[in-house]
Amino acid sequence: MNLEHGLHRFHVGDRLSEMAVHNGTVYLAGQVPDDATQDIRGQTEQVLAAVDRLLAEAGTDRARILMAQIFLADLTDFDGMNAVWDDWVPPGDAPPRATVQARLARPEWKIEVVVTAAI
């Protein structure tokens, strides 16, 4: 499949697709943790691993992220999230990013991340 042109959706469900690729740009749905019993560091690690898997499936990686949006249920988790984020982001390739506090769809989720990347 040529991902440079056209629109391709991945992991399509009734409500949303986990990822869409169009004209060399990858758009991820909000990624949330699978195991919400973990603390902010554990949940952040899970979410960033999901981002890595989806980006790899599209033929790209975290060094090509154009924009990241991070939603935290509680801003007191900001430092814990950043500790994991800082280890994950490639040196010299930190993308533009916004971090906000938001009520997430499930009360046990501490974090949701939305990423847009280039192929």
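## Exercises around helix α1

Gln31 sits in the loop between β3 and α1. We will start from this residue and work outwards; keep in mind that the model is predicted.

**Exercise 1. Decide whether Gln31 is buried or exposed, and find what its side chain reaches.**

*Solution.* Step one is the accessibility. Gln31 has a relative accessible area of 6%, and the cut-off for buried is under 20%, so Gln31 counts as buried.

Step two is the polar side chain. It reaches the backbone oxygen of Ala29 at 3.0 Å.

Step three is the surroundings. Leaving out residues up to four places away in sequence, Gln31 touches Glu18, Val47, Ala50, Val51, Leu54, Ile111, Glu112 and Val113. Among these neighbours, Val47, Ala50, Val51 and Leu54 are also listed as buried residues of α1.

**Exercise 2. Describe helix α1: its length, its two ends and the elements it packs against.**

*Solution.* Begin with the length. Helix α1 covers residues 40–57, which makes 18 residues. From first C-alpha to last it reaches 26 Å, close to the 26 Å expected at 1.5 Å a residue.

Next, look at the ends. At the N-terminal end, Asp39 acts as a cap, with a side-chain oxygen 3.2 Å from the backbone nitrogen of Arg41. After the helix comes Gly59, whose phi is positive, near 90°.

Now turn to the packing. The buried residues of α1 include Ile40, Gly42, Gln43, Thr44 and Leu48. As a group, the buried residues of this helix pack against β1, β2, β3, β4, α2 and β6.

**Exercise 3. Work out why Gln46 counts as buried, and name its contacts.**

*Solution.* First place the residue: Gln46 belongs to helix α1. Then apply the cut-off: buried means under 20%, and Gln46 has 17% relative accessibility, so it counts as buried. Finally, list the contacts. With neighbours within four places in sequence set aside, Gln46 is in contact with Pro33, Asp34, Asp35 and Gln38.

**Exercise 4. Place Ala58 and find how far its C-alpha lies from that of Val21.**

*Solution.* Ala58 is in the loop between α1 and β4. Its relative accessibility is 2%, so Ala58 counts as buried. Along the chain, Ala58 and Val21 are 37 residues apart, yet their C-alpha atoms are separated by 7.5 Å.

**Exercise 5. Find which residues of the largest nonpolar core touch the most other members, and which element gives the largest share.**

*Solution.* This core has 25 residues, and Met19, Val26, Leu28, Trp85 and Ile111 touch the most other members. Two or more residues come from each of β2, β3, α1, β4, α2 and β6. The largest share is that of α1, with six residues.

Take Leu28 as a worked case. Not counting residues up to four places away in sequence, Leu28 touches Glu18, Met19, Val51, Leu54, Leu55, Val114 and Val115.

**Exercise 6. Determine how β4 pairs with β6 and with β5.**

*Solution.* Take β6 to begin with: seven bridges join β4 to β6, and the two run antiparallel. In this pairing, Ala68 has Val115 of β6 as its bridge partner.

Then take β5, residues 97–101: five bridges join β4 to this strand, and the two run parallel. Here Phe71 has Val100 of β5 as its bridge partner.

To finish, add the helix: β4, α2 and β5 make a right-handed β-α-β unit.

Definitions and conventions: Residues are numbered from 1 along each chain as its sequence is written. This is a predicted model: local features need pLDDT of at least 70, side-chain atom pairs count only at pLDDT 80 or more; totals for chains, interfaces and linings use all residues. Side-chain values use heavy atoms; hydrogens and water are left out. Helices (H or I, at least four residues) and strands (E, at least two) are DSSP runs, numbered from the N terminus. The expected span of a helix is 1.5 Å times one less than its number of residues. Buried means under 20% relative accessible area, exposed over 50%, partly exposed in between (1.4 Å probe, protein chains only). Contact means heavy atoms within 4.5 Å. A polar contact is a pair of N or O atoms within 3.5 Å; within protein, one must be able to donate a hydrogen and the other to accept it, and residues adjacent in sequence count only if both atoms are side-chain atoms. A nonpolar core is a set of buried Ala, Val, Leu, Ile, Met, Phe, Trp, Tyr and Cys residues joined through side-chain atoms within 4.5 Å. Two strands pair if DSSP finds at least two bridges between them. A crossover is right-handed if, with the strands pointing away from the viewer, the path from the first strand over the helix to the second runs clockwise.
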